[in-house]
Amino acid sequence: MDQGPGDSEAQGGAEGASGPELARAVLDAALAKRKAAAANPRRRSGTGATGKRPRGYSGPGPDPRDPQLFGDVLARIMKARGWEKPKAEATVFGAWERVVGPEIAKHSRPVKLDDGVLTVEAESTAWATQLRLLAASLLRSIATEVGHNVVKKLNIHGPAAPSWSRGPRRVQGRGPRDTYG
């Protein structure tokens, strides 16, 4: 066995010692061995001019060079570029059925989102009234799906009334009266 300069003294003093004296002798021997190793470092092959390996790129743990899931990479890019709010706004329109449910989505559609105010057009005035009553629960479901403070208020209206003001020849006045009998 390879002995350092302080090993023989510590072993010689530790042969007849017991208890705390033995522990002190072993500790002194370990410290002497550490000092000797620090004074005479060994060179490793392939470590470069500095004698140190780059940290973090060896071993079985996760590594930034490992293949990543596409969704994770995309989420990281969107966060870095500040695209989270536009993505959430687009989700309101693109996944309307998933956001509010299939029954409500069948009878309504989002029209525009401006400064947190979502304009929703209902299929009929009855559905518009029903959606106004459900506005609080709709806001909650939108918030859970796309995030808070994306949609702050709902503006719900019924279908647009038909307009007879089309065409090159139009008569000014109150419009047709006996169209609906």
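## The β1-β2 hairpin

D114 stands opposite V117 of β2, at the end of a pairing in which 6 bridges join strand β1 (residues 108-114) to strand β2 (residues 117-122). The two strands run antiparallel. This is a predicted model, and the hairpin described here is read from its coordinates.

The hairpin has 2 residues between the strands. One of them, D115, lies in the loop between β1 and β2 and has a phi near 55°, a positive value in a residue other than glycine. Most residues other than glycine have a negative phi. D115 is exposed, with a relative accessible area of 72%.

## Overall make-up and confidence

The protein has 8 helices and 3 strands. From the N terminus, the elements follow the order α-α-α-α-α-α-β-β-α-α-β. Of its 181 residues, 23% count as buried. The exposed area is about 14,600 Å², and carbon and sulfur atoms supply 53% of that area. Among contacts between residues at least 6 apart in sequence, 49% join residues at least 24 apart.

The mean pLDDT is 80, and 74% of the residues reach 70 or more. Over residues 4-10 the pLDDT is below 50. Beyond near neighbours in sequence, that stretch has 8 contacts in the model.

## The sheet

The 3 strands form an open sheet in the order β1-β2-β3, with mixed pairing. β1 and β3 stand at the edges with a single partner strand each, so one side of each is left without a neighbour in the sheet. Neighbouring strands are turned by 25° against each other on average, direction ignored.

β2 and strand β3 (residues 153-157) run parallel and are joined by 5 bridges. Along this pairing, V117 has K153 as its bridge partner in β3, L118 has L154, and V120 stands opposite I156. V117 thus appears in both pairings of β2: opposite D114 in one and with K153 in the other.

## Faces and burial in the strands

In a regular strand the side chains alternate between the two faces of the sheet. β3 shows such an alternation: L154 and I156 point to one face and are buried, while K153, N155 and H157 point to the other and are not buried.

T119 lies in strand β2. Is T119 buried or exposed? With a relative accessible area of 9%, T119 is buried, because this value falls under the 20% cut-off. Not counting residues up to four places away in sequence, T119 touches R109, P110, V111 and K112, as well as N155 and H157.

## Helices against the sheet

α4 (84-94) packs on the sheet and touches β1 and β2. The direction of α4 makes about 160° with that of β1. α7 (125-133) lies across β1, β2 and β3, and runs at about 165° to β3.

## The nonpolar core

In soluble globular proteins, nonpolar side chains tend to be buried together. The largest nonpolar core of this model has 22 residues, of which W96, V100, L118, I142, V151 and L154 touch the most other members. The elements that give two or more residues to this core are α4, α5 (96-100), α6 (102-107), β2, α7, α8 and β3. The largest share, 4 residues, comes from α8.

Which residues does I142 contact beyond its neighbours within four places in sequence? They are V92, W96, V99, V100, L118, G147, V151 and L154. Two of these, L118 and L154, are also bridge partners across β2 and β3.

## The loop before β3

N149 is placed in the loop between α8 (135-146) and β3. Phi of N149 is near 65°, again a positive value in a residue other than glycine. N149 is exposed, with a relative accessible area of 56%. D115 in the hairpin loop is likewise exposed, at 72%.

Methods:
Residues numbered from 1 in each chain as written. Heavy atoms only, no water. Pairing = 2+ DSSP bridges. Buried < 20%, exposed > 50% of the residue type's maximum accessible area, 1.4 Å probe, protein only. Contact = heavy atoms within 4.5 Å. Areas by Shrake-Rupley, 256 points an atom, 1.4 Å probe, with all protein chains shown as cover. Core = buried A, V, L, I, M, F, W, Y, C linked by side-chain atoms within 4.5 Å. pLDDT = per-residue confidence, 0-100. Axes fitted to C-alpha atoms, helices over the stretch in contact; angles between N-to-C directions.
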